[in-house]
Amino acid sequence: MISHPLAFMRLPYAVLIAMDSRMLHFWLQPVHYLIRIVHIVSMALFFGMDMLFDLGILNPRMAPRLAPTAQLMVRPLHIAFAIAMLTGIVLFFYDPVHIGSRAYLTPKLLLITLAMLNAMWCHRSVYLSVLRGNPVISLRGRVGASISLSLWTGVMIMSCLNSEGVPKVFLR
């Protein structure tokens with residue numbers, strides 16, 4: 001039997017079982033689908049705004065228009081991120097054994113952590129200067145935007161791979 005290449009990154013079942021709470025599961029069951037909808041919509045909003053911001057940093061022709069756009073997006077971006085994180089945590093604890101058993105959850109969490117570390121690294125030197133209207137984007141800013149774009153795209157890919165299993169039969 002061929003093992004999944006990322007199987008070594010899976011969370012141990014004993015830990016997942018220890019986190020499981022049937023009470024929380026039954027309490028959230030009537031609204032589970034609403035929480036999933038809010039999670040997907042907030043995640044899409046965050047990813048879209050982050051992509052626009054990163055692409056604006058990478059495109060030198062956008063520099064004069066980037067500050068007003070970034071100032072408009074910064075609060076909704078942070079709110080969408082907070083909602084996506086909160087609903088993601090709630091969805092995990094809704095059924096930690098099922099969600100934690102998925103092969104792409106740990107890589108997704110790792111990419112989220114790396115993306116957040118990248119945002120912290122870029123915050124003062126890149127993002128604040130853009131928000132203040134400085135049209136000059138440094139090499140560090142372009143590197144940070146490229147890393148951000150790559151990491152958040154990876155998060156979205158891992159999310160998609162997590163949502164559905166590999167087909168058991170390949171049709172020709």
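This is a short exchange about the helices and the largest pocket of a predicted model.

Biologist: What makes up the secondary structure of the protein?

Modeller: The protein has 7 helices and 0 strands. From the N terminus, the order reads α-α-α-α-α-α-α.

Biologist: How do you know that H4 is close to its expected span?

Modeller: H4 has 32 residues, and 43 Å separate its first C-alpha from its last. The expected value is 46 Å at 1.5 Å a residue.

Biologist: What makes you say that H4 bends, and where?

Modeller: The bend is the angle between axes fitted to the seven residues ending at a position and the seven starting there. At Met 73 that angle is about 40 degrees, so H4 is said to bend at Met 73. A proline, Pro 76, follows within four residues.

Biologist: Why is Met 73 called buried?

Modeller: Buried means under 20% relative accessible area. Met 73 is listed as buried, so its value falls under that cut-off. Other buried residues of H4 include Leu 66, Leu 77, Thr 87, Leu 91 and Tyr 94.

Biologist: Which elements do the buried residues of H4 pack against?

Modeller: They pack against H1, H2, H3, H5 and H6. In the protein as a whole, buried residues make up 37% of the 172 residues.

Biologist: How do you know that H6 is short of a straight helix?

Modeller: H6 has 27 residues, and a straight helix would reach 39 Å at 1.5 Å a residue. The end C-alpha atoms of H6 are only 33 Å apart. H6 also has a kink of about 75 degrees, centred on His 123. After H6 comes Gly 133, with a positive phi near 95 degrees.

Biologist: What lines the largest pocket?

Modeller: The lining has 32 residues. His 39, Gly 88, Leu 91, Lys 108 and Ser 159 lie nearest the centre. Helices H3, H4, H5, H6 and H7 each give two or more residues. H4 gives the most, with 9 residues. The space in this pocket is about 810 Å³.

Biologist: Why is Gly 88 counted as polar in that lining?

Modeller: Gly is placed among the polar residues by definition, so Gly 88 goes there too. By that scheme the lining divides into 21 nonpolar, 7 polar and 4 charged residues.

Biologist: What share of the contacts with a separation of 6 or more joins residues 24 or more positions apart?

Modeller: Such pairs account for 84% of those contacts in the protein.

Notes. Residues are numbered from 1 along each chain as its sequence is written. This is a predicted model: local features need pLDDT of at least 70, side-chain atom pairs count only at pLDDT 80 or more; totals for chains, interfaces and linings use all residues. Side-chain values use heavy atoms; hydrogens and water are left out. On a 1 Å grid over the protein atoms alone, a cavity is a set of points where a 1.4 Å probe fits but cannot get out, and a pocket is an open set with protein on both sides within 12 Å along at least five of seven lines; lining residues have an atom within 4 Å of a point. Grid points are joined across faces, edges and corners, and a volume is the space filled by probe spheres set on the points. The expected span of a helix is 1.5 Å times one less than its number of residues. Buried means under 20% relative accessible area, exposed over 50%, partly exposed in between (1.4 Å probe, protein chains only). Contact means heavy atoms within 4.5 Å.
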